[in-house]
Amino acid sequence: TFDHGNGPIGSAGAHFVLVPMMAQGHTIPMTDMARLLAEHGAQVSFITTPVNASRLAGFAADVETAGLPVQLVELRFPTGEFGLPDGCENIDMIESKGLVVSFMEACAALREPLMAHLRQQQRSPPSCIISDMMHWWTGDIARELGIPRLTFSGCCGFSSLVRYIISHNKVLENVTDENELITIPGFPTQLELTKAKCPGSLFIPGFEKIREKMYEEELRCDGVIINSFEELETLYTESLEQVTRKKVWTVGPMCLCHRDSNTMATRGNKASMDEAQCLQWLDSMKPGSVIFVSFGSLASTTPQQLVELGLGLEASNKPFIWVIKAGGKFPEVEEWLADGFEERVKDRGMIIRGWAPQVMILWHQAIGGFVTHCGWNSTIEGICAGVPMITWPHFAEQFLNEKLVVDVLKTGLEVGVKGVTQWGNEQQEVMVTRDAVEKAVYTLMGEGEAAQELRMRAKDYAIKARRAFGEEDKLCT
Ligand code: UDP
């Protein structure tokens with residue numbers, strides 16, 4: 001519980017309004033939060049849009065079956081008014097970085113319809129807004145309604161980085177050497193990044209005003225909720241509290257709220273393949289023998305890079321599940337897969353085109369390693385699964401998460417990406433060679449001392465994660 005001046009607000013009996021960013025990596029953990037709040041007696045309004053609501057059908061059906069008071073509130077997303085293609089209601093539908101600013105502006109235009117909706121809720125007026133930090137405009141609504149606004153971030157690393165970079169923007173702008181380490185006063189030194197690895201998406205021309213608004217509203221919010229646990233990110237929680245002077249709650253890892261694979265599978269898009277078949281395939285594999293390769297919902301990979309990655313997996317000789325999100329977009333990749341690759345690896349490789357039931361796969365005992373882009377959800381899902389990782393960051397705060405995994409937790413190996421590849425300064429054709437992939441997979445899945453230590457530490461963090469989530473009810477502290 002916390003007090004906003006008009007008496008304590010707790011989960012029981014309160015009405016929380018959850019406003020996730022329209023991106024899978026932001027919406028998915030918010031569905032977990034909605035579930036947890038509702039399980040603790042709160043009423044939840046989950047703000048979404050028609051296209052996103054259709055992707056949340058599994059979640060909606062789940063909470064209904066469980067009798068949880070979670071209502072999806074669909075607001076019309078003003079695509080046309082902001083020059084966005086029809087139906088472009090999620091960041092993963094944006095084809096060019098030039099549309100990111102329009103997308104953010106369209107989000108901000110939801111302020112009036114959301115306000116109108118909330119004003120109509122006389123029988124159960126909202127008690128608190130929990131908003132993605134990117135939806136800075138929800139600050140106005142909270143003030144007008146006289147209710148608190150908490151922000152929600154995937155991880156401390158991300159929120160710290162965004163806050164520090166925004167507040168010390170000049171530091172970054174004055175650095176001309178892409179490979180120079182950026183030192184920001186107060187920022188944990190273990191997490192210092194080169195400019196080439198700093199989140200390019202924050203530096204898209206036109207984004208400056210949005211960046212400032214986000215930061216301004218961060219400083220005015222009533223507290224910060226982080227999907228992490230203290231033992232994982234103690235250092236960053238402390239520094240975040242110092243900088244923002246806000247209460248920081250670490251309430252995760254929220255993916256652990258799933259007690260069975262049925263609800264786990266409904267967290268995001270519908271899987272593009274038969275889950276039972278996938279489980280059957282995994283059951284037929286030796287424990288810890290399969291490497292899982294997935295780069296989340298947004299990261300884009302060039303066709304050349306996909307081929308190189310495939311050849312590296314083949315050369316490693318280890319069983320694998322490889323999620324190719326953009327495969328269908330590249331006919332040349334499809335041709336290459338069909339021209340011998342799939343036949344050569346058919347006994348030990350499964351390729352999923354589109355959306356995989358990631359958590360279900362990761363938590364299967366056959367999985368022994370995870371090649372990840374280090375999105376925060378994937379990172380924490382991997383930590384909870386107790387599997388060591390091969391880190392292959394692409395953009396945003398992913399390089400920071402890589403540092404956490406490789407240098408601080410020491411539960412992963414880096415594949416060797418040098419800088420941001422998307423929405424950043426350059427788009428390289430092949431960032432990682434097949435040899436680098438082969439070597440990393442071979443090492444991680446092998447029996448060498450280094451691999452055994454990585455495995456041991458990964459298991460240890462999985463135990464800590466479960467303890468953090470199960471020991472006490474963090475949502476009610
Ligand atoms: N995910 C999934 N299947 C896929 C791709 C992604 O279930 O094929 C889920 C994944 O488990 C995670 C989220 O989508 O919960 C992706 O979030 P993350 O922060 O890892 O990356 P982002 O997509 O934001 O880059």
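Is the crossing of H13 and H18 left-handed or right-handed? In this predicted model, the crossing of these two helices is right-handed, and the views below work towards that spot from strand S10.

**View 1. Strand S10, tucked inside.** Here we look at S10, residues 290–294. Five of its five residues are buried, so the strand is largely enclosed by the rest of the structure. Val-290, Phe-292 and Ser-294 point one way, while Ile-291 and Val-293 point the other way. Whichever way they point, all are buried.

**View 2. Phe-292 and the strands paired with S10.** S10 pairs with S13 (residues 367–372) in the parallel sense, over five bridges. S10 also runs parallel to S11 (residues 320–324), and three bridges join those two. Phe-292 takes part in both pairings: its bridge partner in S13 is Phe-370, and in S11 it is Ile-321.

**View 3. From S10 to S11 by way of H13.** Add helix H13 (residues 303–316) to the picture, and S10, H13 and S11 make a β-α-β unit. This unit is right-handed.

**View 4. H13 against H18.** H13 packs with helix H18 (residues 434–444) at an angle of about 40°, and their axes are 7 Å apart. That angle makes H13 oblique to H18. On the H13 side, the residues that meet H18 are Glu-308, Leu-309, Leu-311, Gly-312, Leu-313, Ala-315 and Ser-316. Their counterparts in H18 are Arg-434, Val-437, Glu-438, Val-441 and Tyr-442.

Key: Residues are numbered from 1 along each chain as its sequence is written. This is a predicted model: local features need pLDDT of at least 70, side-chain atom pairs count only at pLDDT 80 or more; totals for chains, interfaces and linings use all residues. A residue is buried if 20 or more other C-beta atoms lie within 10 Å of its own, exposed if 12 or fewer, and partly exposed in between; C-beta atoms are placed from the backbone. Helices (H or I, at least four residues) and strands (E, at least two) are DSSP runs, numbered from the N terminus. Two strands pair if DSSP finds at least two bridges between them. A crossover is right-handed if, with the strands pointing away from the viewer, the path from the first strand over the helix to the second runs clockwise. Axes are lines fitted to C-alpha atoms, for helices over the stretch in contact, and angles run from 0 to 180 degrees between N-to-C directions. Angles under 35 degrees count as roughly parallel, over 145 as roughly antiparallel, 65 to 115 as roughly perpendicular and the rest as oblique. A crossing is left-handed if the near helix is turned anticlockwise from the far one by less than a right angle, and right-handed if clockwise. Two residues are in contact if their C-beta atoms, placed from the backbone, lie within 7 Å.
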